[in-house]
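Let's take a walk through this structure together, one piece at a time. Keep the 3D view open while you read.

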Amino acid sequence: MLEYIIRRVLYVIPIGLGVTVLVFALVHMSPGDPLSAVVPPDAPEEMVQDLRKAYGFDKPLPIQYFTWLGRVVTGDLGVSVARGREVVDELRIAVPNTFILAAGGTLLGFTLGAIFGGIAGYFQGRWIDKLATAIAITGVSVPHYWLGLVLVIIFSVEMNVLPSIGMGPGGSTAWAWDAEHMRHLVLPVVTLAVIPMGLITRTVRATVAEILNQEFVQALHAKGLFQRQVLMHVVRNAAPTTLAVMGLQLGYLLGGSILVETVFQWPGTGSLLNSAIFERDLPLLQGTILVLAMFFVLLNLLVDIVQSAIDPRMSRQ
Amino acid sequence: MTNARTLDSKQQAAVDAAQVAVQSRGYWATVGGRIRDDKVTIVCGVVVLLIIFSAVFADLIALADPYKASMLKRLAEIGAPGYPLGADEMGRDMMTRLLYGGRLSLFMGISPIVIALAIGGTLGLVAGFLGGRVNMLIMRLMDVFYAFPSVLLAVAISGALGAGIGNAIVSLTLVFIPPITRVTESVTTQVRSLDYVEAARASGAGSLTIIRVHVLSNVLGPVFIYSTSLISVSIILASGLSFLGLGTEPPEPEWGLMLNTLRQSIYVNPWVAALPGVMIFFTSLSFNLLSDGLRGAMDVRL
């Protein structure tokens, strides 16, 4: 198993490098001069040339890439053009905010999904299974940004019981464990939870159904175990797959919360991406995408390691 | 019929298999029979056809001009005279715009899957069939794309390229190439190791002939089914990009963009503002159920 873990950890290096190449390429794919955001259009040609040199844009692309990579490795993501602040500082505020949303959404989605999926798999083919399956497919089919809007319409516009935008009172951008912040968390977390709920319901249902059809379950019954004890065996067998799906979902929500953050004007990485795109703030765009992708890579690694720890079959493959 | 309802899915499959043996029907006849028995799939198929039909023939069905604004009718209620589904923030007829909106939303959702199927399918077929270093190269490249959550990748690429329908389609295509490549590769690898492929090779068939005659026919089904299951995600993402302001640009009618521009009006006329999302939801739900039904009928395990 140790060998598997080492191999898996080492594999992060080429993937990580690939990610940096892709992120670098993305920004250089974007149309227009990367200087256009900093230089006024009527600037004299000499000044433009000087700036080009200062930013290193006059060098060939591979050299630019390695210079950039060298800075990234030491934790320097550059300065946001539009905000004039270090990209790292912007991310230090935004990432925890997004993480709260994503973690809340995953947790809620996982709890509901495990319950629905477990029941559906256990009572295969009955009406309750059909209901859970219907909920699951609705969950994966619903455009969550629209669901967020509908929730705002119901709970903020019509009933006026929950806040519709922001993270806390007075445009707060720092999380606090108080009632006001919790109230702001409800709608976005419910919105984000819908997709993981659907996916986890499906996974758990399929896994539980498959396990129940295996011979060892009948053997357990024949051995005279109580229903409750058999159930524990089923849970233990279903856990690795389910945890893997949950871990990946956390990663998807971290990187994919931009739509929901836009609906609720949540001050997280999604909002950073949004303003970076529309202000053509390339360092901020580059830095945010890179950090989110790296989180996803590490989360994938963690999922694989945890999975191999609880399911020895994984690492033997 | 009442007896059949109590069977679980495994038993049902056995019964189906027995029926096939008795009547010795062909594969496609079996698939057809299963679809005919599956009411949900038939209904969803009809709904998908209706949605596509109403988008394509929007100019024949719709009563009004999708671009004609009216200051007086701004945000008219659902059921207002002459405006069965109300009017948007510019006073344009909602029903007309929802019908026309399907054109772009469906086009932007489906075309990335078609292109990604062509590119990813080819890559996966090559990687799976040749194996070795080529496989390594292609699959490791795909791993890099897998390092991005799909929404992030789509937003990152279209954000870098700038707003526009073409750029949105490019970014979504890049999102869907890796998963399709991966599925094609794993199916191809499985098929390649089957005995009859070995037999064909032994009898002197060239690689291209083997791919065309023996491999492709076994790979296409599962890959096609998998691709149809991606359409629903693609439609949601395509409208999502427009919702962020990255896909379609105003005044084009498109569901995601309509949702975005109507968002400002939720305190005035909330339920009209929610309508475009209903269309996205029903479309994606129908595609999802249809794909599930086809997968069941064709008995594809992925």
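## Starting from one residue

Let's begin with B:Val187, which sits in helix H9 (residues 165–192) of chain B. Keep in mind that this is a predicted model. Is B:Val187 buried or exposed? The cut-off for buried is 20 or more other C-beta atoms within 10 Å, and B:Val187 has 23 C-beta neighbours inside 10 Å, so it counts as buried.

Who does B:Val187 touch? Setting aside neighbours within four places in sequence, B:Val187 is in contact with B:Val219, B:Pro222 and B:Val223. You can also try a distance in the viewer: B:Val187 and B:Gly120 are 67 residues apart along the chain, and their C-alpha atoms are separated by 13 Å.

## Chain B as a whole

Now zoom out. What is chain B built from? It has 13 helices and zero strands. Its C-alpha atoms fill a box of roughly 75 × 55 × 30 Å along the principal axes.

Chain B has 302 residues, and 43% of them count as buried. Now take the contacts in chain B with a separation of 6 or more: 69% of those link residues that are 24 or more positions apart.

## Two helices side by side

Have a look at H11(B) and H13(B). They pack at an angle of about 170°, and their axes are 9 Å apart. Angles over 145 degrees count as roughly antiparallel, so H11(B) and H13(B) are roughly antiparallel to each other.

Plenty of residues make this contact. From H11(B) they include B:Gly221, B:Ile225, B:Thr228 and B:Ser229, while from H13(B) they include B:Ile280, B:Thr283, B:Phe287 and B:Asn288. What sort of residues are they overall? The contact divides into eight nonpolar, nine polar and one charged.

Past H11, in the loop between H11 and helix H12 (255–262) of chain B, you'll find B:Pro251. Check the bond leading into it: the peptide bond from B:Pro250 to B:Pro251 is cis, with omega near 5°.

## Where the chains meet

Next up is the border between the chains. On this border, 36 residues of chain B are in contact with 41 residues of chain A. Several helices of chain B supply at least two residues each to the side that touches chain A, among them helix H2 (9–23), helix H7 (132–146) and helix H8 (150–161). Which helix gives the most to that side? It's H13(B), with nine residues. By class, the side of chain B that touches chain A has 23 nonpolar, nine polar and four charged residues.

## The nonpolar core

The largest nonpolar core has 139 residues, and the ones with the most contacts inside it are A:Ala293, B:Leu152 and B:Ala154. H11(B) supplies the largest share of this core, 16 residues.

Take B:Ala154 as an example. Leaving out neighbours within four places in sequence, B:Ala154 is in contact with B:Ser171, B:Leu172, B:Val175, B:Leu237 and B:Leu241.

## A helix in chain A

Over in chain A, find helix H5 (residues 127–141). This helix has 15 residues and reaches 21 Å from its first C-alpha to its last, close to the 21 Å expected at 1.5 Å a residue. Its buried residues are A:Ala132, A:Ala136, A:Gly139, A:Val140 and A:Ser141. What covers them? The cover includes helix H4 (87–122) and helix H7 (179–212) of chain A, together with H11 and H13 of chain B.

A:Val140 is worth a click. A:Val140 is buried, with 21 other C-beta atoms within 10 Å. Beyond its neighbours within four places in sequence, A:Val140 is in contact with A:Ile195, A:Gly198, A:Leu199 and B:Asn288. In sequence, A:Val140 and A:Leu199 are 59 residues apart, but in space they are 6.7 Å apart, C-alpha to C-alpha.

## Two loop residues with positive phi

Finally, two loop residues in chain A. A:Gln265 lies in the loop between helix H10 (258–264) and helix H11 (269–278) of chain A. Its phi is near 45°, a positive value in a residue other than glycine. A:Gln265 is partly exposed, with 15 other C-beta atoms within 10 Å.

A:Arg280 is in the loop between H11 and helix H12 (282–310) of chain A, and the phi of A:Arg280 is near 50°, again positive in a residue other than glycine. With 19 C-beta neighbours inside 10 Å, A:Arg280 counts as partly exposed.

Methods:
Residues numbered from 1 in each chain as written. Chains lettered and ligands numbered in written order. Predicted model: local features only at pLDDT ≥ 70, side-chain atom pairs only at ≥ 80, totals over all residues. Contact = placed C-beta atoms within 7 Å. Helix = DSSP H or I, 4+ residues; strand = E, 2+ residues; numbered from the N terminus. Nonpolar A, V, L, I, M, F, W, Y, C, P; charged D, E, K, R; others polar. Buried ≥ 20, exposed ≤ 12 C-beta atoms within 10 Å, placed from the backbone. Axes fitted to C-alpha atoms, helices over the stretch in contact; angles between N-to-C directions. Parallel < 35°, antiparallel > 145°, perpendicular 65-115°, else oblique. Core = buried A, V, L, I, M, F, W, Y, C linked by C-beta atoms within 7 Å. Expected span 1.5 Å × (residues − 1).
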